[in-house]
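Hi,

Here is the structure I promised to pass on. Please open it first; my notes follow below.

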Amino acid sequence: MNKTALVTGGSHNIGQGIAIVLAEHGYDVAITYNSRREGAEDTQKQIEALGRKCFIYQASLEKAEVPQRIVDQAHKDLGGRLDLMVCNAGNGGFRGSILTITPENVDEVYTVNFRNYMLCAGAAARHMVADKIEGNIIFITSSRAEMAYPDDYLYGGFKACVKRATESMALDLSAYNIRVNCVAPGATWTPRPGREDLVKSPFVAESIPLHRVGTPRENGEVVAFLASENASYITGITVRVDGGLILPGMLEGHDKIPWVREEWKKDQYEKAMAMIKENAEKE
Ligand SMILES: NC(=O)c1ccc[n+]([C@@H]2O[C@H](COP(=O)([O-])OP(=O)(O)OC[C@H]3O[C@@H](n4cnc5c(N)ncnc54)[C@H](OP(=O)(O)O)[C@@H]3O)[C@@H](O)[C@H]2O)c1
């Protein structure tokens, strides 16, 4: 029997990348979209071309009753079996000053980026426990869960909540050998109005140690790995897929980011070559 997965927000960008990679790894998949059905149909077409099943559902996951309904529907359509729940649908939502925060600002970010994740996880875990499936729950968080940015206390804050919740959930569900992990993308190539310049800018290439933004597929491959038998002893962790984005910290002593300075690279390279030569001469 094929493995099965539900990926929320599988209609575009990272969620679409995850759903397609899972189908390549042999999963039948169910995906949700919110407002743009054409993206979900595109994912479905690509998955069916791989010979796998793909079910699509409209889901407004900010509504409290929707996660349970969607998980139940996916469980039914996927043949009464759910091996993998991927909570991906989220949104940047409100960004702005704490000085002018309103209850509506908090709810807008909380309902989609935290409550929805917890309710989908609970509904999926109940099916796994009832069906005796030693499955996986994977949350898509963000490198922003670990690194602070201005005006980002809600989105970054709730992503951090998901990371922490994952650890407790991993403890609770270990009783059933259900594993719970997070994948944390950094800046990812997800075209949308207003982002084209950012992802192609030299600033991005200079700021990210691996010189580029990530791709949805790169996140999908990590999800597939974490859900696989190859990761059978991994639970409660967060894997950052960010090209080293949040590693640098303060670059004391460097007037410019070192890994993009030609003279710095040349100096490092020449020192390494000299060391190889010196070691060879000793032998
Ligand atoms: N892109 C990045 O650089 C980046 C970096 C770090 C983390 N992330 C995280 O990765 C995940 C995916 O990001 P993305 O950039 O691929 O997002 P995206 O392009 O905006 O796609 C988001 C998906 O979630 C759905 N969605 C949005 N609001 C929803 C709601 N209220 N109810 C149900 N579904 C909803 C969208 O459906 P419709 O399109 O149909 O509305 C879409 O399928 C998010 O959790 C995000 O926080 C992204």
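Ile 101 sits in a loop, with strand E4 (84-87) before it and helix H4 (103-131) after it. Keep in mind that this is a predicted model. The relative accessible area of Ile 101 is 31%, so the residue counts as partly exposed, a class that runs between 20% and 50%. Ile 101 also belongs to a nonpolar surface patch, together with Ile 98 and Leu 99. That patch covers about 320 Å².

Now the ligand. There are 31 residues around the ligand. Which of them come nearest? They are Ser 11, Asn 13, Asn 88, Tyr 155 and Arg 192.

By class, the shell around the ligand splits into 15 polar, 11 nonpolar and five charged residues. Three helices each give the shell at least two residues: H1 (13-24), H4 and H5 (155-173). H4 is also the helix that follows the loop of Ile 101.

Some polar pairs to check:

- Arg 36: a polar side-chain atom is 2.7 Å from a ligand oxygen.
- Leu 61: a polar backbone atom is 2.9 Å from a ligand nitrogen.
- His 12: a side-chain N or O atom is 3.4 Å from a ligand oxygen.

How much of the ligand does the protein cover? On its own, the ligand has 890 Å² of accessible area, and the protein covers 90% of that.

In short, there are two places to look at. One is the nonpolar patch with Ile 101. The other is the ligand and its shell of polar, nonpolar and charged residues.

Best wishes

Key:
Residues numbered from 1 in each chain as written. Predicted model: local features only at pLDDT ≥ 70, side-chain atom pairs only at ≥ 80, totals over all residues. Heavy atoms only, no water. Patch = residues over 30% accessible without salt bridge, like charges linked within 9 Å, V, L, I, M, F, W, Y side chains within 5 Å. Areas by Shrake-Rupley, 256 points an atom, 1.4 Å probe, with all protein chains shown as cover. Salt bridge = Lys/Arg side-chain N within 4 Å of Asp/Glu carboxyl O. Helix = DSSP H or I, 4+ residues; strand = E, 2+ residues; numbered from the N terminus. Buried < 20%, exposed > 50% of the residue type's maximum accessible area, 1.4 Å probe, protein only. Near = heavy atom within 4 Å. Polar contact = N/O pair within 3.5 Å; in protein donor to acceptor, adjacent residues only side chain to side chain. Nonpolar A, V, L, I, M, F, W, Y, C, P; charged D, E, K, R; others polar.
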